[in-house]
Amino acid sequence: MTEIPQFDDYQALKEELSQGAPWHQFIACKDINPLVFERKAANEPWKDFEKRIAIARVACGRCLVKDVCLDDALEHKDFELFRGGMSGDDIETISRRRQRYAS
């Protein structure tokens, strides 16, 4: 299992990122199957989907760069995955609201 770099405080992380460290190296989900973060498949039982989302929520909950991940999802209109602690539907809703208020 890959070690996630640890920081004593958020300020140290912000400094690393401001010096050009790629945020992807700090993600808490790097060893989790990417399928966990996908939208519910039409034929997938709700019980299985709820298990996957619980895993995603835990990973995002302990992630140092959750906010950066969410911003990246919004910037790239990535509505298909659970990112930054939010579902693809939630990310899409935020994106639409931002567009509405920007105009």
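## Where α3 meets α4

Helix α3 (residues 66-75) and helix α4 (residues 88-102) have axes that come within 10 Å and cross at roughly 65 degrees. The crossing of α3 past α4 is right-handed. On the α3 side, the contact is made by Leu 70, Asp 71, Ala 73 and Leu 74; on the α4 side, Ile 91, Ile 94, Ser 95 and Arg 98 do the job. Sorted by class, that gives five nonpolar residues, one polar and two charged. Keep in mind that all of this comes from a predicted model.

Which residues of α3 are buried? They are Cys 69, Leu 70, Asp 72, Ala 73 and Leu 74. And what do they pack against? The buried residues of α3 pack against α4. Put the two lists side by side and Leu 70, Ala 73 and Leu 74 turn up both as buried and as part of the contact with α4. Asp 72 is in the buried set as well, while Asp 71 is one of the residues that make the contact.

Once α3 ends, there's a backbone detail to look at: just after the helix, Lys 77 takes a positive phi of about 50 degrees.

## The whole chain

Zooming out, the protein has four helices and zero strands, so to speak an α-α-α-α run from the N terminus on. The C-alpha trace spans about 45 × 45 × 15 Å along its principal axes.

How many residues are there, and what share counts as buried? The protein has 103 residues, and 30% of them count as buried. About 7200 Å² is exposed, with carbon and sulfur atoms supplying 52% of that area. As for contacts, take those between residues at least 6 apart in sequence: 45% of them join residues at least 24 apart.

## Glu 44, a charged residue in a loop

Now for the stretch between α1 (10-18) and α2 (46-61): the loop there holds Glu 44. Is Glu 44 buried or exposed? Glu 44 counts as buried because its relative accessibility is 14%, and the cut-off for buried is under 20%.

What does Glu 44 touch, leaving out residues up to four places away in sequence? Its partners are Arg 39, Phe 49 and Arg 52. Two of these names are arginines, Arg 39 and Arg 52, and Arg counts as charged, as does Glu. Phe 49, the other partner, falls in the nonpolar class. Going by the residue ranges, Phe 49 and Arg 52 sit in α2 (46-61).

Definitions and conventions:
Residues numbered from 1 in each chain as written. Predicted model: local features only at pLDDT ≥ 70, side-chain atom pairs only at ≥ 80, totals over all residues. Heavy atoms only, no water. Axes fitted to C-alpha atoms, helices over the stretch in contact; angles between N-to-C directions. Left-handed = near helix turned anticlockwise from the far one by under 90°. Contact = heavy atoms within 4.5 Å. Buried < 20%, exposed > 50% of the residue type's maximum accessible area, 1.4 Å probe, protein only. Areas by Shrake-Rupley, 256 points an atom, 1.4 Å probe, with all protein chains shown as cover.
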